[in-house]
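Open the model in your viewer and keep the sequence panel visible. The stops below are in the order to select them.

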Amino acid sequence: MSKLPDSDLFAVPLPKGFLLFSPRRRLAVRLNRQALMVLFRIFVAGDHPSGLSPEMDALVAELSQPQEQVIPSANTAVSPPFLGLITTRACNLACAYCAFGSRTSPDERMPLATAVAAVDWMAHQARRLARETLDIHFFGGEPFAAPEVVDTAVLRGRIMAEQSRLRPHFEASTNGYYTADQADFIGAYFHAVVVSIDGPAPVHDRHRPAAPGKGSFDRVAETIQRLGRWELKLCLRVCVSKENVASLEEIVSWLGHTFRPSVINLETLQPTPESVAAGLRPPDPAEFAVHGHRAIRQARSQGIKAVYSAAEMDGPRYTFCPVGRDTIIVSPDGQAASCYLPRWEWKQRDLELEVGRVDGANLSVDSRAIRRVRRAAAHKPRCRRCFCRWTCAGGCLVNQTWPGCPDAYDDFCRQTRLLSACALLDAMGDSAEADGVLTDARAMAVLAEHPDDRLENFPTMAGGHG
């Protein structure tokens, strides 16, 4: 086995032994050093020892099967999973940690003709791809701060879906700060909604004020309660900072009992000039891993799914977000890109994520640009040695694994490595070992900082004693 970016055999050091992980074969198993050395001899050195146990023979046979191909080939046809509409980049809140520049964005709203052109284009793609649904997602700023754009896109989507014999499917990411009538409109027409709420009133209002000295919690909580009366998938997004990380289990328990959401999504604060000015800091990665894992278990005990999106183990992936998945996200000015972040953010990373434009009544998309973005999302040298390569998939291409980013792990990497290993152990029914990792400071440090997990590097690995 050569040292290639698409390596699929990883050895993760644990307090007792190692975790062998083959993400593109969907296999994880705990092994001792001796067993891993046998696998190294077979798959790296090309030496197949005799007299293996039946269990080891079976494992070798399974690891010899073809691995799942995750990266689309250059010739794969363009296949957008959904259309994204940024109705406006403006927002009606003044969040202390806003990373989208919404405070300073002009109140520019997408022209209705742009929304109609984009929806028509997506309906054509859905027919071409023989889809069953017409999928449209709304982003911001705050998407419902431009209600007339949302109304138009929803109406046009329903019309085009009926004409094309498709089912309309609408999703939105929102702050929940609007009227009861707007909440009921969303409940009636939308199928999935992500609402940001960071905890009870003192926590939420510290993070997400409506204006200086004015909280947003009461109205947001009322919105979530109203949405909960409708048949839609309700996801609550919790931003975790240094201030609320130690209360994460209690926050998740309270959210579960109070609102009964379908999913609770835990994401850590990303530093911005706004968050620094407000005195908000990201949590320590080890502390977040401990409380995040306990919070995920707490939600599970309440029959609710909680996730840290970089450590989801549903299957291998080569990209973390819409970027690289052929997604088309249209901005108010008619730009069509693979990313919902403002253009200046990805341009400062020397990335070109624009893939098309709305011109009058038509959205045109450049398939060559789509393929260029695919390549950028798939090629992340920083990740080639990490066992999370095919699950975390490098996080955000713009803010985490941009071209030329440092090879060294950062806090996002450290917390992702810890939570991913514990998620695998829990899925294997080995929660005691996950607890052993998170209660052993040395084991956490070894796992978080381990420089190269690839099996080909195994003979030089420390850790895994016992």
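Select helix α8 and colour its buried residues: Leu 248, Glu 249, Ile 251, Val 252, Ser 253, Leu 255, Gly 256 and Phe 259. Buried here means under 20% relative accessible area, exposed means over 50%, and partly exposed lies in between, with a 1.4 Å probe and protein chains only. Helices (H or I, at least four residues) and strands (E, at least two) are DSSP runs numbered from the N terminus.

This is a predicted model, in which local features need pLDDT of at least 70 and side-chain atom pairs count only at pLDDT 80 or more, while totals for chains, interfaces and linings use all residues. Residues are numbered from 1 along each chain as its sequence is written, and side-chain values use heavy atoms, with hydrogens and water left out.

**Around α8**

Now show what the buried residues of α8 pack against: α7 (217-227), β8 (233-240), β9 (263-268) and α10. Contact means heavy atoms within 4.5 Å. To check the helix length, put a distance between the end C-alpha atoms of α8 (residues 248-259): they are 16 Å apart, in agreement with the 16 Å that twelve residues should span at 1.5 Å a residue. The expected span is 1.5 Å times one less than the number of residues. Step on to Arg 260, which follows α8 and has a positive phi near 50 degrees.

**From α10 to α13 and α15**

Select α10 (residues 285-301) together with α13; their axes come within 9 Å and cross at roughly 35 degrees. Axes are lines fitted to C-alpha atoms, for helices over the stretch in contact, and angles run from 0 to 180 degrees between N-to-C directions. The crossing of α10 and α13 is right-handed. A crossing is right-handed if the near helix is turned clockwise from the far one by less than a right angle, and left-handed if anticlockwise. On the α10 side, the residues to display include Phe 288, Gly 292, His 293 and Arg 297; on the α13 side they include Arg 414, Leu 418, Cys 422 and Asp 426.

Keep α13 (residues 411-427) and add α15 (residues 441-449), which packs at an angle of about 110 degrees with the axes 8 Å apart. The two helices are therefore roughly perpendicular, a term that covers 65 to 115 degrees. The contact is made by Arg 414, Arg 417, Leu 418 and Ala 421 of α13 and by Met 444, Leu 447, Ala 448 and Glu 449 of α15. This crossing is also right-handed.

In the segment after α15, pick Asp 452. Is Asp 452 buried or exposed? Asp 452 has a relative accessible area of 12%, so it is buried. Beyond residues up to four places away in sequence, Asp 452 touches Arg 385, Asn 457 and Met 461.

**Helix α12**

Move to α12, where Ala 369, Ile 370, Val 373, Arg 374, Ala 377 and Ala 378 are buried. Their cover includes β11 (328-330), β13 (354-359) and β14 (362-365). At the start of α12, zoom in on Asp 366: one of its side-chain oxygens reaches to within 2.9 Å of the backbone nitrogen of Arg 368.

**The end of β5 and the loop after it**

Select Phe 139 in strand β5. Phe 139 counts as buried because its relative accessibility is 10%. Leaving aside neighbours within four places in sequence, its contacts include Phe 82, Ile 86, Ser 173, Ile 329 and Tyr 340. A C-alpha distance of 9.0 Å separates Phe 139 from Glu 171, 32 residues apart along the chain.

Next, look at the peptide bond from Gly 140 to Gly 141: it is cis, with omega near 15 degrees. Gly 141 belongs to the loop between β5 (133-139) and α4 (147-163).

Glu 142 is found in the loop between β5 and α4 and is buried at a relative accessible area of 1%. Which side chain does Glu 142 join in a polar contact? The partner is Thr 174, at 3.0 Å. A polar contact is a pair of N or O atoms within 3.5 Å; within protein, one must be able to donate a hydrogen and the other to accept it, and residues adjacent in sequence count only if both atoms are side-chain atoms.

**Two exposed loop residues**

Finish with Arg 26, in the loop between β2 (18-22) and β3 (27-31), and Asp 350, in the loop between α11 (343-347) and β13. Arg 26 has a positive phi near 55 degrees and is exposed at 51% relative accessibility. Asp 350 has a positive phi of about 60 degrees and is exposed at 71%.

Conventions: Angles under 35 degrees count as roughly parallel, over 145 as roughly antiparallel, 65 to 115 as roughly perpendicular and the rest as oblique.
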